[in-house]
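Subject: Structure handover

Dear colleague,

Here is the structure I said I would pass on. My notes follow below it, arranged by topic.

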Amino acid sequence: MKERYEFAGIEEKWQKKWAVEDIYRVPDSSSRPKYYCLEMFPYPSGKLHMGHVRNYSIGDVLARFLTMRGYSVLHPMGWDAFGLPAENAAIKHGNIHPAVWTYDNINAMRAQLKQLGISYDWNREIATCHPGYYRWTQWLFLQLYKHGLAYKKEAAVNWCPSCATVLANEQVKEGSCERCSSTVEKRELNQWFFRITKYADRLLDDLKLLEGWPEKVKIMQENWIGRSEGAEINFPVEGEDDVMTVFTTRPDTIFGVTYMILAPEHPLVEKLIQGRPEAAEIRDFVKKVRSLSELDRTSTETEKIGLFTGAYCVNPLNGERVPILVANYVLLEYGTGCVMGVPAHDQRDFEFARKYNLPIRIVIQPEGEALDPDTMKEAYSGEGLMVNSGKFNGLPKKEGIRSVIDYCEEKGIGKGVVNFRLRDWLISRQRYWGAPIPMIYCDKCGIVPVPESDLPVELPLDVEFKNTGRNPLADHPSFVKTACPQCGGPGHRETDTMDTFMCSSFYYYRYTSPRDGDHVWDDEKVRHWLPVDQYIGGVEHAILHLLYSRFFTKFLNDIGLVPNVEPFTRLLTQGMVLKDGSKMSKSKGNVVSPEDIVATYGADTARMFILFAAPPERDLEWSDQGVEGCYRFLNRVWRLVAPLAGKLEAGSPPDTGKLVGVDREMHRLTHGTIKKVTEDIGGRFNFNTAVSAIMEMVNGLYQYREVPETDRDPAVLNEAVETLLILLAPFAPHVTEELWQGIGRSGSVHQQPWPEYSREAVAEDEVTIVVQLNGKIKDRILVPADITPEGMKELVLSQPSVREMLEGKNVVKVIPVPGKLVNIVVK
Ligand SMILES: [Zn+2]
Ligand SMILES: [Zn+2]
């Protein structure tokens with residue numbers, strides 16, 4: 001073997017060989033237990049970044065480890081290939097079609113992934129922009145439609161002026177577009193929605209099935225779904241037939257309502273103010289508020305402004321007149337667009353009431369404390385008994401809530417309801433590069449679904465990209481014009497395409513049957529492989545992708561297409577890759593390119609560094625010295641093993657019981673390392689400490705190699721070297737494969753069984769125990785690991801240091817604690 005570690009030649013050679021021999025192909029049936037290891041598939045932007053390298057290296061170690069542990073591991077890769085950047089590139093450069101741009105990028109990134117030596121079964125590769133894939137995206141849309149879960153409605157929706165499309169609520173972050181950070185506007189548009197709210201309860205309840213998910217992700221989903229229990233209560237408007245319906249989680253405070261607020265855009269506002277002196281001022285106010293973003297309106301920093309409409313409603317429980325106001329912080333989209341003001345028991349209402357001198361009335365009195373509306377400094381929202389509440393006086397908060405709801409239901413003035421923050425998923429996008437929504441509009445028949453046999457509705461490729469903000473599909477007459485499938489008359493196609501989160505909500509099922517042209521997937525294969533055992537990706541998908549995938553899975557389970565109710569049994573959210581303390585980004589100029597690192601040090605070093613530098617969930621700080629260190633380590637492994645080529649006899653492992661001295665030590669180190677690495681990878685994904693253990697083993701092996709050949713057991717050395725290469729293989733697949741072959745072993749190192757450690761080998765010969773005098777530590781001594789308590793006592797008392805210490809003292813008791821200490825009690 002060569003003296004020097006020449007990574008470039010080695011890596012290229014093995015990548016070719018693995019591809020030719022197709023060693024990562026996984027069969028659909030096997031006597032081995034299955035394991036589905038999945039990393040979130042990337043958007044084909046053109047180049048891998050370090051975050052990708054981290055994501056895929058974590059998955060690859062796991063997939064390789066489990067394969068060696070005897071599992072049949074499904075480890076596929078594909079492309080989340082529809083989306084805006086491709087179209088924006090086409091608009092900007094004019095001459096690149098989004099399809100060409102996308103497939104070029106896919107080719108470039110696939111080559112990069114192969115360069116990293118990731119063990120994907122490339123036979124299963126999918127791209128969501130391929131008609132063979134999006135045909136099934138459309139087919140699933142039709143299934144949702146058939147089951148009443150896809151519907152079209154006019155609604156005020158989030159519009160990003162820069163992306164020229166609508167966005168789902170989940171894609172709006174603090175009032176801004178998640179993609180481009182532009183301020184999101186509201187527009188009234190006729191759009192397609194998925195009825196995800198129908199699954200709100202199950203999406204919430206089933207979070208408790210997800211024991212293998214990080215707590216923080218579950219909490220984020222729980223908050224996003226936002227279940228609250230309460231009541232809807234109707235307040236009749238004085239002098240009108242209308243009622244104002246409010247949702248409240250605190251029906252027990254209903255006697256404390258001193259004002260009512262409508263959202264400025266509430267349809268009732270105009271009716272209430274007509275002909276009143278306040279009308280002009282309120283119309284002005286409404287106009288001003290409507291031009292503000294949702295964020296500006298609801299931010300805690302925004303001053304809360306309200307105006308009295310001049311109208312009153314009636315509290316249905318006590319018959320009191322309640323003034324009706326409009327205020328900037330109440331939104332139409334949430335709840336009923338109408339809130340009751342209970343200033344004594346809600347902090348926001350309290351501040352508002354103080355500002356406008358509205359009355360404050362205590363209706364919950366904490367025990368042993370008297371609240372005074374004139375002097376209280378903040379609202380009281382704790383436990384207490386109902387007061388000033390007629391026949392409900394004296395009821396504690398919880399019972400009060402129940403009793404008021406019962407009363408309202410009995411009198412027909414309200415009802416108990418469960419409210420969710422979750423809204424239906426808006427999936428129409430006014431852009432070209434997406435899966436066309438398979439719907440046809442006919443003047444006679446209305447909305448008609450495209451027959452399943454006509455799928456896919458193919459995206460025409462001959463479109464013009466202009467910077468007009470108009471969807472080019474709408475300007476493509478031969479796409480738009482079609483016959484109505486029902487009556488044969490003239491129809492026109494829907495020109496909106498689907499949110500790309502639709503494409504990624506089911507891709508992990510399609511990997512089981514990537515080329516199936518007759519079915520969305522093969523029933524038997526899905527039953528074999530699903531659910532995904534381990535999913536790995538960034539925490540930024542905690543709500544969007546993960547919530548949508550869970551919704552899809554529940555729907556697919558309901559219609560019998562998948563056996564599982566949750567898609568991902570375990571989830572690992574890896575931390576970010578930082579440099580100089582912040583996330584790598586072009587704008588900060590702190591990007592380290594994976595290509596450069598691979599060219600300078602090789603893929604094995606890149607992978608080692610990224611796995612060694614931090615535990616997977618934590619952020620990882622890039623360190624050039626750290627990369628150098630991993631490179632030096634692989635060189636050290638090379639210089640250790642390469643000279644042994646031709647000198648290591650393959651054979652049976654050494655007999656643990658017969659080993660002594662340095663052989664016993666080396667053997668123990670080998671098995672101790674197997675134990676540590678196995679537990680670190682398999683149990684807790686502590687790849688960094690696993691690598692540390694392998695590094696320690698290499699140090700030990702260097703020392704052992706220096707022992708004259710006549711004084712060491714060749715079987716021990718052989719076992720140690722083979723074990724080292726196998727344990728290191730998931731981290732550094734190329735160099736280990738080269739050395740494995742170099743020392744004359746047959747087959748791929750990646751297809752070797754993972755070694756089991758021997759308990760006997762790792763058993764310690766001696767342990768250190770503490771000697772105490774009256775409970776104070778005085779000394780530490782080595783004792784045989786299997787010593788009896790009686791033997792411990794004797795051994796300790798015979799130590800010269802102990803005898804000296806006890807001179808002239810009266811020993812009352814000697815207490816041995818096996819494996820730990822001996823305490824000598826003296827007077
Ligand atoms: Zn945008
Ligand atoms: Zn028709």
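Four donors around a metal count as tetrahedral if all the angles between them lie between 85 and 135 degrees. That cut-off is needed for the zinc sites, which I take up at once. Please keep in mind throughout that this is a predicted model.

Zinc sites

The zinc ion (ligand 2) has as its protein donors the SG atoms of C442, C445, C484 and C487, at 2.2 to 2.4 Å. The angles subtended by these four donor atoms run from 104 to 113°, so the arrangement is tetrahedral. For reference, the ideal angle for four tetrahedral donors is 109.5 degrees. Along the chain, the donors of the zinc ion (ligand 2) are spaced as C-x2-C-x38-C-x2-C. C445 is in the loop between β21 (439–442) and β22 (446–449), and C487 is in the loop between β23 (481–483) and β24 (490–493), so this pair ties together parts that are 42 residues apart in sequence. C445 is partly exposed, at 27% relative accessibility, and C487 is partly exposed as well, at 34%.

The zinc ion (ligand 1) is held by C160, C163, C177 and C180, again through SG atoms, which lie 2.2 to 2.3 Å from the ion. Here the angles among the four donor atoms are 103 to 115°, and the site is tetrahedral. The spacing of the donors of the zinc ion (ligand 1) reads C-x2-C-x13-C-x2-C. Of these, C160 belongs to strand β5 (residues 150–160) and C177 to strand β8 (residues 176–177), so the pair links parts that are 17 residues apart in sequence. Are C160 and C177 buried or exposed? C160 is buried, with a relative accessible area of 0%, and C177 is buried at 3% relative accessibility.

Aromatic rings

Searching the whole structure gives 45 aromatic pairs. In one of them, the ring centres of F308 and Y312 are 5.5 Å apart and the planes stand at 70°, so the pair is edge-to-face. Both partners have some surface: F308 is partly exposed, with a relative accessible area of 32%, and Y312 is partly exposed, with 22%.

F551 and F552 make another edge-to-face pair, with 5.9 Å from centre to centre and 85° between the planes. F551 is buried, at a relative accessible area of 0%, and F552 is buried too, at 1%.

F551 and F552 also belong to one aromatic cluster, whose other members are Y133, F141, Y145, W192, F194, Y199, W425, F501, F506 and Y548.

Charges over rings

Two arginines come up under this heading. The charged end of R636 sits over the ring of Y702, at 4.2 Å from the ring centre. R712 has its charged end over the ring of Y704, at 5.9 Å from the centre.

Backbone

Which residues does a cis peptide bond join in the loop that follows β22? The residues are L455 and P456, with omega at about 0°. P456 is placed in the loop between β22 and α13 (477–480). The peptide bond from L530 to P531 is cis too, with omega near 0°. P531 lies in the loop between α16 (523–529) and β26 (532–538).

Positive phi values turn up at D22 and N388. For D22, a residue other than glycine, phi is near 55°. D22 is found in the loop between α1 (7–21) and β1 (34–39), and at 29% relative accessibility it counts as partly exposed. For N388, also a residue other than glycine, phi is near 50°. N388 is located in the loop between β17 (385–386) and α12 (397–411), where it counts as partly exposed at 49% relative accessibility.

To recap the zinc sites: the site of the zinc ion (ligand 1) is tetrahedral, and so is the arrangement around the zinc ion (ligand 2).

Regards

Notes. Residues numbered from 1 in each chain as written. Chains lettered and ligands numbered in written order. Predicted model: local features only at pLDDT ≥ 70, side-chain atom pairs only at ≥ 80, totals over all residues. Heavy atoms only, no water. Phe/Tyr/Trp six-rings, centres within 6.5 Å; stacked < 30°, edge-to-face > 60°. Buried < 20%, exposed > 50% of the residue type's maximum accessible area, 1.4 Å probe, protein only. Lys NZ or Arg CZ within 6 Å of the ring centre and 35° of its normal. Donors = N, O, S within 2.8 Å, 3.2 Å for Na, K, Ca; no water. Tetrahedral: all angles 85-135°; square planar, octahedral: opposite > 155°, others 65-115°. Helix = DSSP H or I, 4+ residues; strand = E, 2+ residues; numbered from the N terminus.
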